[in-house]
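Visitor: I'm new to looking at protein structures. Could you pick a starting point on the surface, look at it closely with me, and then lead me on from there?

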Amino acid sequence: MNGFYPVFLQLKGRRCLIIGGGRIAERKLLGLLNAGADDVWIISPDVTPRIAALAADGTIHCCLRAYEAGDLEGTRLLFAATDDKRLNTEAAAAAERMGIWVNTADEAGKGSFISPSTLRRGDLLFAVTASGASPALSQHIKQELEAHYGAEYEEISAALRRLRERVVREVEDEQKRQNILKLAAEDAARHKRYDRNIDEWLIRLLHRTDRRHT
């Protein structure tokens, strides 16, 4: 048993701090931005050109200096991603004492969470991890998922979201709602079949559901 509990975090409006400005820090930063984080701070004497550009256009906050203990104040999530193992360990320990979720780039076991390999297709989000045993295996599985779940799933998931909102609002019977949404998901996943016109799609699903249960 790996001892990790899978969870997806809502990071909007929550301060996220990355200590470090190199390649690993940049990768963590892009992952946070893709997840919708909007209060991201980088602290490092030097940063990559990509990080510098994101700081220059106001997407993130960047302090070009060394980490100080007071930098953790108000932080909800921390990535210790410098090339100084001792600094990462010290920052992680301080964060743990303050109840801050922390990930250390050099030793996954030293932090309170690990970052899985992720694949996003609109609202559809896959996360894969081998719990530190084999990052290469996680990447391999991610590549298989990329091949199977292509870019078309962005539109599929968006259509299913719009349909669900309509069904929840307009269909009172709970069992009927479940049947409609299950049928829609089957159509979309198995046959890539859905209708951009939600009204027409819902009417057809209602007729099919009624036929199945009469």
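Guide: Happy to! One definition helps first: helices, of at least four residues, and strands, of at least two, are DSSP runs, and they are numbered from the N terminus. Keep in mind, too, that this is a predicted model.

With those labels, we can place Leu9, which sits in the segment before E1. Tyr5 is found in the segment before strand E1 (16–19) as well. Together with Val7, Tyr5 and Leu9 make up a nonpolar patch on the surface, and the accessible area of the three together is about 380 Å². Tyr5 counts as exposed because its relative accessibility is 73%, and exposed means over 50%. Leu9 has a relative accessible area of 44%, so it is partly exposed. From Leu9 we can look across to Ile198: they are 189 residues apart in sequence, and their C-alpha atoms are 30 Å apart in space.

Ile198 brings us to charged pairs, since helix H7 covers residues 198–212. Side chains of opposite charge can pair when their charged atoms come close. Here the count comes to 8 salt bridges.

One of them joins the side chains of Asp187 and Arg208, at 2.6 Å from N to O. Asp187 belongs to helix H6 and Arg208 to helix H7, so this pair ties together parts that are 21 residues apart in sequence. Asp187 counts as buried because its relative accessibility is 4%, while Arg208, at 23%, is partly exposed.

Another salt bridge is formed by the side chains of Lys176 and Asp210, 3.3 Å from N to O. This pair links distant parts of the chain, with Lys176 in helix H6 (residues 174–191), Asp210 in helix H7, and their positions 34 residues apart. Both partners are partly exposed: Lys176 has 26% relative accessibility and Asp210 has 32%.

Now look at a pair inside a single helix. Arg86 and Glu90 both lie in helix H3 (residues 85–97), 4 residues apart, which is about one turn of the helix. Their side chains meet in a salt bridge of 2.7 Å, N to O. Arg86 counts as exposed at 55% relative accessibility, whereas Glu90 counts as partly exposed at 43%.

Methods: Residues are numbered from 1 along each chain as its sequence is written. This is a predicted model: local features need pLDDT of at least 70, side-chain atom pairs count only at pLDDT 80 or more; totals for chains, interfaces and linings use all residues. Side-chain values use heavy atoms; hydrogens and water are left out. Patches are made of residues with over 30% relative accessible area and no salt bridge: like charges are joined within 9 Å, nonpolar side chains (Val, Leu, Ile, Met, Phe, Trp, Tyr) within 5 Å. Accessible areas come from the Shrake-Rupley method with a 1.4 Å probe; for residues, only the protein chains shown count as cover. A salt bridge is a side-chain nitrogen of Lys or Arg within 4 Å of a carboxyl oxygen of Asp or Glu. Buried means under 20% relative accessible area, exposed over 50%, partly exposed in between (1.4 Å probe, protein chains only).
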